[in-house]
Amino acid sequence: MEMTSFLLIFFFFLLIYSFFFLFNPTNSKSTLQPGFKHYPIFGTLPEFLLNRHRFLDWSTQVLSQCPTSTAVFSRPGKVNGVITANPANVEHMLKTNFENYPKGTRFISLLEDFLGRGIFNSDGETWRAQRKTASYEFNTRSLRNFVMETAAVELHTRFVPVLERAAALNKVVDLQDLLERYSFDNICKVAFNFDPGCLAGDGTSGSEFMKAFEEAATLSSGRFMYVLPGLYKIKKLLNFGSESKLQKSIATVHKFADDIIQSRITESAKEPNDDLLSRFMDISEYSPEFLRDIVISFILAGRDTTSSALTWFFWILSSHPEVKLKILEELKTLRLSKSDQNSYEFDDLRQFRPERWLEEENGGGTVVYRPENPFKYPVFHGGARVCLGKEMAYTQMKLVAATIMEVFEVELEVVEKKVPEHVLSLTMRMKDGLKVRVRKR
């Protein structure tokens with residue numbers, strides 16, 4: 001009760017303070033400077049409270065108005081920082097001066113309950129050792145071939161049949177959920193030589209783990225949005241609210257990872273394996289708890305990223321029939337045949353224009369893919385931490401998108417012009433999924 005009373009009093013005074021500064025007549029637009037609005041004592045906190053539910057949209061809006069696409073923010077509790085969309089700054093941090101910009105204690109501590117000290121939540125030698133081991137494995141031809149074979153088999157023996165049954169019954173399906181199940185089965189087979197069978201049968205297996213993993217990722221990232229940076233520690237200690245839900249979700253995720261490790265230990269005693277997890281298990285100083293962190297990190301990397309990208313791809317494609325037609329024409333052709341910019345134009349980025357990635361080769365009429373500055377579009381990160389599975393992810397996404405488009409017509413159950421809401425999580429999942437009907441071509 002004392003904590004609740006304190007918070008109520010705090011927010012009451014904060015509300016009065018914010019009202020005074022936000023609606024003060026002297027605070028005219030003509031005196032405003034680009035960037036986040038700063039208030040005495042509270043810094044950017046008042047505006048953060050008004051916009052944290054739409055943090056990505058808000059920060060994008062602010063950066064688009066800044067000449068350098070960079071802005072400074074500050075909040076009570078020594079939460080200070082810089083948000084940038086300037087490619088030169090991104091390259092400086094991720095590549096040129098990588099060692100000067102570690103994730104840091106605060107970042108790691110916020111995600112440690114969920115990710116431990118896995119490759120996405122570690123610095124220094126802990127990160128380097130994992131990176132070196134994973135890098136070796138990702139560069140082997142055998143793994144690349146195994147990834148393609150696994151992705152194709154899962155697609156044609158599980159994913160396509162689920163869509164065929166839905167088409168036959170004219171049934172609405174959540175395409176995001178199916179894509180996440182597909183990606184999850186894939187990463188478990190490739191990285192751990194383990195088949196969870198989430199797309200087996202009617203495509204609804206493993207729901208408890210799937211829900212727990214989503215909840216753990218979302219609630220863990222939610223810690224970054226707290227008004228008071230240390231408040232989550234108090235809630236965790238008291239086993240209260242979102243922290244209580246988070247700990248239950250993490251326990252489910254940890255049990256799943258521990259079971260994988262235990263089964264692999266039993267199997268490796270009988271027959272050695274060459275999967276990613278086996279290489280880490282060969283390092284004697286890695287404890288079962290550390291191996292668990294590694295397992296969870298790779299599930300996050302393999303499950304949520306490509307599935308989210310494909311979900312948004314099919315959504316945006318639904319409102320651009322001209323692009324869909326071009327893709328189908330190109331797929332047909334393939335079946336039969338078997339400029340540098342260093343700054344953003346935010347209005348241009350809001351347009352769905354696939355041609356931005358293409359250019360005519362030597363004036364000969366042949367259109368080829370033109371790679372963009374990786375620090376301008378760092379969707380696979382960049383520099384020393386660039387995603388090891390980048391090319392495999394592209395291959396998997398193209399395989400899935402091409403196969404579904406060639407076999408099915410995908411139609412949104414509810415057509416709305418507004419952009420669907422996204423979940424503020426470790427990856428940008430679509431809130432409430434993507435409900436569609438499919439019919440065979």
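Leaving aside its neighbours within four places in sequence, which residues is arginine 303 in contact with? In this predicted model, the list comprises Glu180, Ser183, Phe184, Ile187, Met210, Phe213 and Glu214. Arginine 303 belongs to helix α13. With a relative accessibility of 0%, arginine 303 counts as buried, because the cut-off for that term is under 20%. Its side chain makes a polar contact, at 2.9 Å, with the side chain of glutamate 214.

I turn now to the nonpolar cores. The largest has 45 residues, and the members that touch the most others are Phe114, Phe184 and Phe192. Helix α13, residues 288-318, gives the most to this core, contributing 8 residues. A second core, separate from that one, has 35 residues, among them Ala166, Trp315, Leu317 and Met397. As background, nonpolar side chains in soluble globular proteins tend to be buried together.

Consider phenylalanine 114 in detail. Not counting residues up to four places away in sequence, phenylalanine 114 touches Phe213, Ala216, Ala217, Ser220, Ile250, Val253, His254, Ile296 and Leu426. Phe213 is thus a shared partner, since arginine 303 is in contact with Phe213 as well.

Finally, helix α8, which covers residues 175-192. Of its 18 residues, 17 are buried. At 1.5 Å a residue, α8 should span 26 Å, and its end C-alpha atoms lie 25 Å apart, so the two values agree. At the N-terminal end, aspartate 174 acts as the cap, with a side-chain oxygen 3.1 Å from the backbone nitrogen of glutamine 176. Just after the helix, asparagine 193 adopts a positive phi of about 55°.

How values were computed: Residues numbered from 1 in each chain as written. Predicted model: local features only at pLDDT ≥ 70, side-chain atom pairs only at ≥ 80, totals over all residues. Heavy atoms only, no water. Core = buried A, V, L, I, M, F, W, Y, C linked by side-chain atoms within 4.5 Å. Buried < 20%, exposed > 50% of the residue type's maximum accessible area, 1.4 Å probe, protein only. Helix = DSSP H or I, 4+ residues; strand = E, 2+ residues; numbered from the N terminus. Contact = heavy atoms within 4.5 Å. Polar contact = N/O pair within 3.5 Å; in protein donor to acceptor, adjacent residues only side chain to side chain. Expected span 1.5 Å × (residues − 1).
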